Amino acid sequence: MSDWIGIIEDQTGARGWRFGSDSITPASGLSTDAVLAQLGEADVFVVAPARATQKVPAKLLPEGAFLDMIDGASRLPAPLRLQLLGFQDEHPDWDGVVLLLTETHSYWCLLSARELVGFQAFLTPRLIAAMAAPATADAEATAETLSRPERLAAHLAAAEHNPAAQTGHMIGAELGAARAWWLGQQVALIGPQALAQSYAAGLTAQGVPCSKHDDPSARGLYVLRSAQT
C-alpha cells in the first residue's frame, strides 16, 4: 500500500499523520498546508467539522458522509467523532461512557452495540481556562460541589484565592449535572492528562470504574479511510 496522509482540522489548527507501510509519522501546525509541508507529498485524506449533521443514535462509521453529530442542543464535531471511532476500533465490545475532553468542552458519550446512543456537552474546560485556574483539581472541592451543585457560585467565591479548589468546584458541578451519564457505567477518559486525571479522581471517589486512554485519532483516520476506499 502506498503512503497516504490523514489530516484533522479543528478550531485550534491541524494535525496530521503520514501512514507508511511500517511507520506512522505525526505532525501539527496552524493549517493543513503547514502540516503537509512537514509530511511531504502523498494522497491526502481530511476530516474537518461539517455543516451538515447526523442525529443520534447512529453508527460511528457511517455508510455516507462523515458528519458532525447532534443530540438535542449538543453538537459533536466530526474530529471528535473520529476519536470515538478509533476508540471503538480498539475496544469493539465497549458498552459504557467515553468522556472526551478538549481545551473548551467536555462530551459525555454513551456507546453501546457499536453505536453512539447519545451525548451531552459541557463548557467546563472553557470556564476553567477563563478563570485562569489549573487543570489539576482539589479533590475535596470536587466532592463538595458534586453533592451541592446549586452552591457552585458561593463555592467559587469562597475559593477565590485557591485556584485548584475553583477547578474542583467547577468539575464537581459538572459531575453533579452529568450524574445520569456516569451512574452505573464504566467511563473511559480521553483528553489532556492533567484534566482527565481531575475528572477521573472525582468519578473514582464515587465508585465509578475509570480508565484513561491516549488519543485514538490516528486509528480513527485509518478506520474511516479504509472503509471509504
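In these legends Ala, Val, Leu, Ile, Met, Phe, Trp, Tyr, Cys and Pro count as nonpolar, Asp, Glu, Lys and Arg as charged, and the others, Gly among them, as polar. All views show a predicted model.

**View 1. Lining of the largest pocket.** The largest pocket holds about 580 Å³ of space. Its lining consists of 26 residues, and those closest to the centre of the pocket are D10, T12, L80, T102 and E103. Sorted by class, this lining comprises 10 nonpolar, 11 polar and 5 charged residues. At least two lining residues come from each of the strands β1 (4–10), β2 (13–19) and β3 (24–29), and the same holds for helix α2 (78–90).

**View 2. The open sheet of four strands.** The 4 strands of this open sheet follow the order β3-β2-β1-β4, and their pairing is mixed. Strands β3 and β4 (43–47) form the edges, each pairing on one side only. Between neighbouring strands the turn averages 20 degrees when direction is ignored. Within the sheet, β1 and β2 are antiparallel partners joined over 7 bridges. Among the bridge partners is W17 of β2, which is matched with G6.

**View 3. Helix α1 on the sheet of four strands.** Helix α1, formed by residues 32–39, lies across β1, β2, β3 and β4. The direction of α1 is at about 145 degrees to that of β3. Strand β3 is one of the two edge strands of this sheet, the other being β4.

**View 4. The open sheet of three strands and its contact with α2.** A further open sheet contains 3 strands in the order β5-β7-β8, again with mixed pairing. Its edges are β5 (53–55) and β8 (74–76), each of which pairs on one side only. From one strand to the next, the twist averages 30 degrees. Strand β5 runs parallel to β7 (residues 68–71), and 3 bridges join the two. In this pairing T53 stands opposite D68 of β7. Helix α2 packs on the sheet and touches β5, β7 and β8. The directions of α2 and β8 make an angle of about 65 degrees.

**View 5. Crossing of helices α2 and α9.** The axes of α2 and α9 (residues 217–228) come within 7 Å of each other and cross at roughly 85 degrees. Angles of 65 to 115 degrees count as roughly perpendicular, and α2 and α9 are therefore roughly perpendicular to each other. On the α2 side the contact is made by L82, Q83, L85, G86, D89 and E90. The α9 side contributes S217, R219, G220, L221, V223 and L224. Taken by class, the residues of this contact are 5 nonpolar, 4 polar and 3 charged. Helix α2 thus appears in several views: α2 also supplies at least two residues to the lining of the largest pocket, and α2 touches the strands β5, β7 and β8.

**View 6. The cavity and its lining.** The model has 1 cavity of 30 Å³ or more. About 40 Å³ of space lies in the largest cavity. Its lining is formed by Q88, H91, P92, W94, L111, S112, R114 and E115. By class, this lining divides into 3 nonpolar, 3 polar and 2 charged residues.

Conventions:
Residues numbered from 1 in each chain as written. Predicted model: local features only at pLDDT ≥ 70, side-chain atom pairs only at ≥ 80, totals over all residues. Heavy atoms only, no water. 1 Å grid on protein atoms, 1.4 Å probe; cavity = no way out; pocket = protein on both sides within 12 Å on 5 of 7 lines; lining within 4 Å. Points joined across faces, edges and corners; volume = space filled by probe spheres on them. Axes fitted to C-alpha atoms, helices over the stretch in contact; angles between N-to-C directions. Parallel < 35°, antiparallel > 145°, perpendicular 65-115°, else oblique. Contact = heavy atoms within 4.5 Å. Pairing = 2+ DSSP bridges.
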